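Dear colleague,

I am handing over the structure below, and I would be glad if you could look through it before reading on. My notes on what was found in it follow underneath.

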Amino acid sequence: MDLYTKNTIIKSNYGILFHMTPLIDSKDLEILELLKSNSKLTVQQLSRKTSIPPTTIHNRIKQMEESKIIQGYSITIDKTRIGLPISVFILVTIHYDHTKAKKFSQKEVARQIKAIKGVEHVAIVTGKTDILVRADLEGIQALDSFLLERLRNIEGINQTETLLILSEF
């Protein structure tokens, strides 16, 4: 994976060339992979696992935070243990004639969906579907209520298709 920060203009006999300056290197990627698997690792633990000095690890993490490569740290929750055993993906299709007549956008519909209790993630996507929603719910009755009373009542939604998640890896 190559990430680049900016174009550097280089003048040569062949005209103007662009050089892409790497934003991160293989050591940064190694640190990121370790943090993705366990964001609670200390600088000392990261140093032992990578053989990179602790000060270097600290500085690299700080630089990645400042440049917004690392945008935050999170936890993974066992939804079943907190009473949310039903997880679904919902494919949402927008009624474009309706959105143009009412003067609101697909992004506005996505924001309204994100505000519904139980919604974990909303993404505007390409393809036959316009919006992909991830929701975690208390059970089938909660799913029924979520779909019929909340989601399908948002103006601009044409149709939905619900995919029940059986297993995650």
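Helices, of at least four residues, and strands, of at least two, are DSSP runs that are numbered from the N terminus. Please keep in mind throughout that this is a predicted model.

With that naming in hand, a place to begin is glycine 139, which is found in the loop between strand S5 (131–137) and helix H6 (140–150). The relative accessible area of glycine 139 is 14%, and because buried means under 20%, this residue counts as buried. Its C-alpha atom is separated by 8.6 Å from that of glycine 83, although the two glycines are 56 residues apart along the chain.

Strand S5 leads on to the sheet, which is an open one formed by four strands in the order S4-S5-S3-S6, with antiparallel pairing. The edge strands are S4 (119–124) and S6, each of which pairs on one side only, and from one strand to the next the twist averages 20 degrees.

Taking the pairs in turn along that order, S4 and S5 run antiparallel and are joined by five bridges, and here alanine 123 stands opposite leucine 132 in S5. Leucine 132 appears again in the pairing of S5 with S3, where it is the bridge partner of leucine 91; S3 and S5 also run antiparallel, and seven bridges join them. On to S6 (residues 157–164), which pairs with S3 in the antiparallel sense over seven bridges, and in which isoleucine 157 is the bridge partner of isoleucine 94.

How many of the nine residues of strand S3 are buried? Eight of them are, so S3 (residues 86–94) is largely enclosed by the rest of the structure. As for what lies across the sheet, helix H5 (residues 106–114) does so over S3, S4, S5 and S6, and it runs at about 170 degrees to S4.

Two remarks on aromatic rings complete these notes. A pair of aromatic rings is described by the distance of the centres and the angle of the planes. A search of the whole structure for such aromatic pairs finds zero. There is, however, a charged residue to point out beside a ring, since arginine 134 lies over the face of phenylalanine 89, at 5.7 Å from the ring centre, which is within the 6 Å that a charge over a ring requires.

With kind regards

How values were computed
Residues are numbered from 1 along each chain as its sequence is written. This is a predicted model: local features need pLDDT of at least 70, side-chain atom pairs count only at pLDDT 80 or more; totals for chains, interfaces and linings use all residues. Side-chain values use heavy atoms; hydrogens and water are left out. Buried means under 20% relative accessible area, exposed over 50%, partly exposed in between (1.4 Å probe, protein chains only). Rings of Phe, Tyr and Trp (its six-membered ring) pair if their centres lie within 6.5 Å; planes under 30 degrees apart count as stacked, over 60 as edge-to-face and the rest as tilted. A charge sits over a ring if NZ of Lys or CZ of Arg is within 6 Å of the ring centre and within 35 degrees of the ring normal. Two strands pair if DSSP finds at least two bridges between them. Axes are lines fitted to C-alpha atoms, for helices over the stretch in contact, and angles run from 0 to 180 degrees between N-to-C directions. Contact means heavy atoms within 4.5 Å.
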